[in-house]
Amino acid sequence: MIKTAKQVLAKPFTSNFFFIFLQGVIIGLITGLIVGTFRWIIDHTMKFLFFIYPLMRQKPIYLVPYLLGTVIICLILAQIIKPVLNNITGSGVPQVEAVMLDENRMNWWSILWHKFVGGLLAICPGLFLGREGPCIQMGAMVGQAFGQNLFHANDEDLKRLQGCGIAAGLSAAFSAPLAGVFFLVEEITFSFDPKECLTALAAAMTSDLMTLCFFGTTPCLYLPLDRSLPLTSYWFVILMGGFLGLLAYLYQYCLLSLKPIYSKLTIIPKIYHSIIPLILVIPIGLWNAKLLGGSHDFISGLFEPTFMKNIQTGMLSLILLPLIWFIVRFIFSMISYGASVPGGIFMPILILGALLGVIFAVIMIHYGIAPKRCYGIIIVTSMCAYFGAIEKAPFTALTLLTEMVGSVEQIFPMLVATFIAYFVLDLLGGKPIYEALRIQMDFRKLTTTETK
């Protein structure tokens with residue numbers, strides 16, 4: 001017997017989706033407000049660095065108070081991170097993964113404010129760290145806070161609300177709501193549950209709306225991309241992907257070697273390791289202040305008319321400058337992240353990918369493999385493949401770059417290069433970088449012992 005529509009469909013106004021949607025909206029609003037403030041402070045501090053470093057280069061006497069201020073920042077940062085050191089150092093994503101895998105819970109208020117203040121003290125002086133890791137962990141703590149204190153959620157629903165905060169945190173960090181949801185699925189939960197994903201999407205959408213109030217509607221990393229890559233250039237895109245996969249493995253290997261190296265520095269207590277990158281970053285700022293930090297300003301600078309005009313001449317000698325920048329940023333990204341300070345790796349990875357993209361673009365333009373108008377697409381493709389391989393999260397990479405640059409012209413070359421880079425990294429034995437960091441530090445035990 002065939003059932004009628006009334007028998008098949010649910011009764012009107014009996015769905016609980018509205019309540020679930022409302023939960024995501026509330027978490028997204030608060031996360032967006034916190035992350036928007038966090039981003040605003042970092043962006044304006046970077047403007048100050050771009051002013052003070054040229055001034056110190058002209059008048060070295062100003063280096064004395066700046067060095068004194070750096071030491072004070074190190075001392076304050078040490079006291080802030082000391083009570084919750086292992087729970088807030090680094091990006092915070094491995095710790096969040098550990099919490100989502102177990103039944104452990106962090107002290108949400110302690111982690112939230114320590115991560116906010118500690119993240120600012122680490123990132124604002126110009127260390128090569130990204131804002132997205134702290135934003136993700138702070139979002140997870142917001143989700144936990146509302147789940148425990150307002151919604152009185154059980155363990156299963158609490159994890160769903162923490163997932164909302166994770167998606168909202170990444171969305172607000174990059175103004176990329178879809179990437180926030182894909183990140184949650186690919187790197188945290190490893191499952192696509194409609195209820196979970198819809199709640200996370202509501203949170204990510206709302207948090208993005210909040211950041212629009214801070215930064216406007218322009219995409220986070222709007223880049224002037226023109227048309228698509230010619231079909232005749234794709235053989236080089238495949239080579240790009242293979243090379244980026246090798247470099248992605250190198251990045252993972254170096255990053256996972258940092259903690260053992262820093263642990264041997266017994267002369268300096270662990271909580272004071274931040275003094276190493278805080279001091280070493282000063283000569284880099286005096287050389288080129290634009291290299292500092294993990295913001296998108298440096299990538300945008302690669303598309304400035306004067307820089308593009310020189311690059312698009314196709315001179316191979318121009319490879320030297322982005323290569324030097326790559327080496328400097330690679331080394332000091334490692335030094336910054338390994339120093340037990342709060343800060344992420346998303347933007348540092350994207351910047352490294354962009355510099356490699358400049359090198360590839362010069363080669364392709366010089367030898368006629370691609371026309372000059374494809375300069376931007378080559379860079380974005382390199383960013384996506386390098387990031388997607390290191391994170392082992394191709395969907396997140398593709399969605400994130402598409403939302404950040406505000407264009408879909410580059411999707412297919414990004415897909416090809418990212419797939420090849422992912423395959424090469426997997427062949428070499430690479431793991432998702434956050435999973436590898438979680439395994440290395442055994443964050444399950446840390447989150448249990450430090451939050452009791």
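How many of the 452 residues in the protein are buried, as a percentage? That was my opening query, and the result was 60%. Note to self: this is a predicted model.

**Entry 1: overall build**

I pulled the secondary structure next and got 22 helices and zero strands. I then checked the radius of gyration, which is 22 Å; the globule rule gives 22 Å for 452 residues, so the protein is as compact as a globular protein of that length. Along the principal axes, the C-alpha atoms fill a box of roughly 75 × 55 × 40 Å.

I also looked at contact order in a rough way. Taking contacts between residues at least 6 apart in sequence, I found that 84% join residues at least 24 apart. For the surface, I got about 18,900 Å² exposed, with carbon and sulfur atoms supplying 70% of it.

**Entry 2: the core**

Nonpolar side chains tend to be buried together in soluble globular proteins, and I wanted to see who does the packing here. The largest nonpolar core has 152 residues, and the members touching the most others are Y53, F174, Y251 and Y386. Which helix gives the most to this core? It's α17, with 16 residues.

I picked Y386 for a closer look. Leaving out neighbours within four places in sequence, I see Y386 in contact with L244, L247, A248, Y251, F326, F330, I349, L352, G353 and L356. Y251 is in that contact list, and it is also one of the residues that touch the most other core members.

**Entry 3: ring pairs**

I ran a search for aromatic pairs over the whole structure and it came back with 22. F174 and F346 are one stacked pair, at 6.0 Å centre to centre with 15° between the planes. F174 belongs to helix α8 (residues 155-174) and F346 to helix α17 (residues 346-366), so this pair ties together parts that are 172 residues apart in sequence. I checked burial for both rings: F174 has a relative accessible area of 0%, and F346 is buried with 0% as well.

Then I looked at Y234 and F412. Their ring centres are 5.6 Å apart and the planes sit at 50°, so I logged the pair as tilted; the stacked label needs planes under 30 degrees apart and edge-to-face needs over 60. This pair also links distant parts of the chain, with Y234 in helix α11 (residues 234-256) and F412 in helix α20 (residues 411-428), 178 residues apart. Y234 is buried, at 14% relative accessible area.

Which residues do ring pairs link into a cluster? I found F174, F183, F346, F387 and Y434. F174 keeps turning up: it is in this cluster, in the stacked pair with F346 and among the core residues that touch the most other members.

**Entry 4: charges over rings**

I noted two cases. The charged end of R39 sits over the ring of F215, 4.1 Å from its centre. The charged end of K392 sits over the ring of Y422, with 5.1 Å to the ring centre.

**Entry 5: odd backbone angles**

Most residues other than glycine have a negative phi, so I made a note of exceptions. K392 is one, with a positive phi of about 50°. I placed K392 in the loop between α18 (375-391) and α19, and K392 counts as buried at 11% relative accessibility.

S175 also has a positive phi, about 55°, without being a glycine. S175 is in the loop between α8 and α9 (177-189). Is S175 buried or exposed? At 16% relative accessibility, S175 counts as buried, as the cut-off is under 20%.

**Entry 6: spot checks**

T399 is in helix α19 (residues 394-405) and is buried, with a relative accessible area of 13%. Setting aside residues up to four places away in sequence, I found T399 touching L178, A179 and F182.

Where is D102? I found it in the loop between α5 (93-101) and α6 (108-123). D102 counts as buried too, at 18% relative accessibility. I also took one long-range distance: D102 and A397 are 27 Å apart in space, C-alpha to C-alpha, and 295 residues apart in sequence.

Technical notes:
Residues are numbered from 1 along each chain as its sequence is written. This is a predicted model: local features need pLDDT of at least 70, side-chain atom pairs count only at pLDDT 80 or more; totals for chains, interfaces and linings use all residues. Side-chain values use heavy atoms; hydrogens and water are left out. Rings of Phe, Tyr and Trp (its six-membered ring) pair if their centres lie within 6.5 Å; planes under 30 degrees apart count as stacked, over 60 as edge-to-face and the rest as tilted. Helices (H or I, at least four residues) and strands (E, at least two) are DSSP runs, numbered from the N terminus. Buried means under 20% relative accessible area, exposed over 50%, partly exposed in between (1.4 Å probe, protein chains only). A charge sits over a ring if NZ of Lys or CZ of Arg is within 6 Å of the ring centre and within 35 degrees of the ring normal. The radius of gyration is taken over C-alpha atoms; the globule rule is 2.2 Å times the number of residues to the power 0.38. Contact means heavy atoms within 4.5 Å. Accessible areas come from the Shrake-Rupley method with a 1.4 Å probe; for residues, only the protein chains shown count as cover. A nonpolar core is a set of buried Ala, Val, Leu, Ile, Met, Phe, Trp, Tyr and Cys residues joined through side-chain atoms within 4.5 Å.
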